[in-house]
Amino acid sequence: MGFADLKSPTGLQVLNDYLEDKSYIKGYVPSQTDVAVFEAVPGPLPADLCHALHWYNHIKSYEKEKASLPGVKKALGKYGPADWSYTDSKDDDDIELSGSDEEEESEEAKRKPKKPALVSKSTILLDVKPWDDEADMEKLEGVRSIQADGLVRGSSKLVPVGYRIKKLQIQCVVEDDKVGTDMLEEQITAFEDYVQSMDVAAFNKI
């Protein structure tokens with residue numbers, strides 16, 4: 001069904017519940033999906049919708065960059081929970097005229113696999129700086145070849161920092177128990193011929 005009218009209290013509550021365990025509407029990095037939903041929300045949100053409010057303020061920080069975010073905007077109904085009226089239908093399921101304990105256990109077994117195990121994750125924005133303006137930026141981007149269990153690389157771009165000097169900005173998602181910023185810094189600065197330093201520009205829990 002996707003999101004309903006996000007200008008109504010009911011629609012905003014659905015959005016808040018949907019974002020309870022998510023940082024973005026879809027995926028692990030901001031995209032046109034977030035922009036489409038953001039533009040459908042009627043301005044600042046009340047404090048009691050804490051999950052939606054956190055997401056709203058985060059996407060608002062991309063105001064100047066939203067046109068360059070990945071993805072393609074779709075109709076609002078294409079995003080969000082598959083069935084936002086699930087709570088109501090769940091109440092109806094409690095009324096059974098017939099059935100057995102075995103059938104109930106079977107239905108419960110079917111539902112359990114649909115609940116993914118909670119894994120603590122974070123989104124990290126890294127600034128990788130070269131030595132000088134003569135650095136080979138293609139070789140600097142070689143740091144994107146780093147692989148690790150629990151690391152998912154997102155988008156990257158070159159950002160001017162001074163006269164003829166650019167830094168490489170990389171967005172990634174990590175599983176907190178497997179990948180830390182110290183580990184990333186150690187592996188990235190190992191490209192010592194091209195990398196002067198690595199800084200964490202942003203760090204957000206998912």
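How many nonpolar, polar and charged residues make up the lining of the second largest pocket? The split is nine nonpolar, nine polar and two charged; here Ala, Val, Leu, Ile, Met, Phe, Trp, Tyr, Cys and Pro count as nonpolar, Asp, Glu, Lys and Arg as charged, and the others, Gly among them, as polar.

## Ground rules

Bear in mind that this is a predicted model, where local features need pLDDT of at least 70, side-chain atom pairs count only at pLDDT 80 or more, and totals for chains, interfaces and linings use all residues. Numbering runs from 1 along each chain as its sequence is written, and side-chain values use heavy atoms, with hydrogens and water left out.

## The second largest pocket

This pocket holds about 380 Å³ of space. A pocket here is an open set of points on a 1 Å grid over the protein atoms alone, with protein on both sides within 12 Å along at least five of seven lines, while a cavity is a set where a 1.4 Å probe fits but cannot get out; lining residues have an atom within 4 Å of a point. Points are joined across faces, edges and corners, and the volume is the space filled by probe spheres set on them.

Of the 20 lining residues, Tyr62, Glu65, Leu125, Lys157 and Gln171 are the closest to the centre of the second largest pocket. Strands E1 (121–130), E2, E3 and E4 (195–205) each give two or more residues to its lining; strands (E, at least two residues) and helices (H or I, at least four) are DSSP runs, numbered from the N terminus. The second largest pocket lies between domain 1 (9–78) and domain 2 (121–205), because both give residues to its lining. Those domain bounds come from an automatic or database domain assignment.

## Two cavities

Searching the whole structure turns up two cavities of 30 Å³ or more. The largest has about 90 Å³ of space, and its lining includes Leu126, Val143, Ile170 and Cys172. E2, E3 and H7 each supply at least two of its lining residues. By class, that lining has eight nonpolar, no polar and two charged residues.

The second largest cavity comes in at about 50 Å³. Ser23, Tyr24, His54, His58, Thr123, Asn204 and Lys205 line it, with helix H3 (50–60) and E4 as the elements giving two or more residues. Its lining has one nonpolar, five polar and one charged residues, and at least three residues come from each of domain 1 (9–78) and domain 2 (121–205).

## The E2–E3 hairpin

Strand E2 (residues 151–162) runs antiparallel to E3, and nine bridges join them; two strands pair if DSSP finds at least two bridges between them. Leucine 151 sits opposite valine 174 in E3, and Leu151 also helps line the largest cavity. The hairpin has two residues between its strands, and arginine 164 in the turn has a positive phi of about 65 degrees.

Just along the chain, aspartate 177 is found in the loop between E3 (165–175) and helix H7 (181–188). Aspartate 177 counts as exposed because its relative accessibility is 76% (buried is under 20% relative accessible area, exposed over 50%, partly exposed in between, with a 1.4 Å probe and protein chains only). Aspartate 177 and valine 119 are 58 residues apart in sequence, and 8.5 Å apart in space, C-alpha to C-alpha.

## Cysteines

How many disulfides are there? The count is zero, taking a disulfide as a pair of cysteine sulfur atoms within 2.5 Å. Cysteine 172 is buried, with a relative accessible area of 3%, whereas cysteine 50 counts as partly exposed at 42% relative accessibility.
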